[in-house]
Amino acid sequence: MTDTDPVTGGEVTWHPNPKKPDFVPPAGAVDAHCHVFGPAGEFPFAPERKYTPGDAGKDQLFALRDHLGFARNVIVQASCHGKDNSAMVDALHASDGLARGVAVVAHDIDDDALDAMHAAGVRGVRFNFVKRLVDATPREVFMRTADRVQRLGWHIVVYFEAPDLADLKPFLKQLPGIVVVDHMGRPDVTKPVDGSDFQAFAGLMAEMPNLWTKVSCPERLTVAGPPYDDVVPFQRYLVEQFSDRVLWGTDWPHPNMKSHKPDDGLLTDHIARIAPTPALQQALLVDNPMRLYWAD
Ligand code: 0GY
């Protein structure tokens, strides 16, 4: 289902012609999970990467933002760029203040480099536990990074898969500040919403007032395929239960998607099904991301 980029030799995983969404996002809406890839000629991919994508740079991202009806982006450092955040930071600089970033950094990064990233618009660091994407980092190393970024008021974004939740729970509880879980902790959507697996995650949300989540990536979690009916109940549950601690994002350019190229217009239409009232949409797309990323 993927094409090959003639320049990078990597996979083109995004839809070439996303539909204009029927759903109109509220004024000031934020796409709070997306990435930039390269262009590799200017921002080479990391030697230690586990996948090579096609070039998908900032200009494409900003054009998509406008096409979908969003006002702002949160650009999350993707694993194919390792700990070199320059493509993401370059996109922040080019955004006229309309993008914020989440970086991946070494625990011994110097304070000046952190300060420069803060000035560019970085407001969080990402800890990736997904084994197919990164080599493992010891938890004490992540904890040192978490402590280092507290002076800047940054939050922690964690990416893991549902089977790892039980093991990670004590670590998540120790993290300082706000902790944001990518893609609802990647539940198995063939299991029931009220079953023990998903309720373990929802229960942790209830237990930890500092825990947020992105109700994103139905295109990754689905078994049924578009329009992702099987993921709606999980997203809607979290949006309704924890309306002031949820974020939404396209996940463009959809790294590693093999089954299909997600139509970002369809993903935008999906919002109306997971956040069925204007008040829930306003919290999910505007108030929550603005509080987390544009408070200063
Ligand atoms: C995502 C998902 C993926 C990849 C990355 O950093 C990354 O490379 O996040 C994935 O393959 O599941 O969150 O965009």
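Okay, let's start with a crossing: helix 4 passes helix 5 in a right-handed one, meaning that the near helix is turned clockwise from the far one by less than a right angle. This is a predicted model, where local features need pLDDT of at least 70, side-chain atom pairs count only at pLDDT 80 or more, and totals for chains, interfaces and linings use all residues. Residues are numbered from 1 along each chain as its sequence is written, and side-chain values use heavy atoms, with hydrogens and water left out.

Back to that pair. Helix 4 and helix 5 pack at about 20 degrees, axes 11 Å apart, so they're roughly parallel (angles under 35 degrees). On the helix 4 side, the contact (heavy atoms within 4.5 Å) uses Arg139, Phe142 and Met143; helix 5 brings Asp167, Leu168, Phe171 and Gln174. By type, that's 4 nonpolar, 1 polar and 2 charged.

Now helix 5 itself, residues 165–174. Which of its residues are buried? Leu165, Leu168, Phe171 and Leu172, where buried is under 20% relative accessible area with a 1.4 Å probe, protein chains only. Down the axis, they fall within an arc of 120 degrees, so they line one face. The face turned away carries Ala166 and Gln174, both exposed (over 50%).

On the other side of helix 5 sits another partner, helix 6. Scratch "other side", I just mean the next pair: helix 5 and helix 6 pack at about 10 degrees, axes 11 Å apart, so they're roughly parallel too. Here Leu165, Lys169, Leu172 and Lys173 of helix 5 meet Ala200, Phe201, Leu204 and Glu207 of helix 6. That contact splits into 5 nonpolar, no polar and 3 charged.

Technical notes
Helix = DSSP H or I, 4+ residues; strand = E, 2+ residues; numbered from the N terminus. Arc of directions from axis to C-beta. Axes fitted to C-alpha atoms, helices over the stretch in contact; angles between N-to-C directions. Parallel < 35°, antiparallel > 145°, perpendicular 65-115°, else oblique. Nonpolar A, V, L, I, M, F, W, Y, C, P; charged D, E, K, R; others polar.
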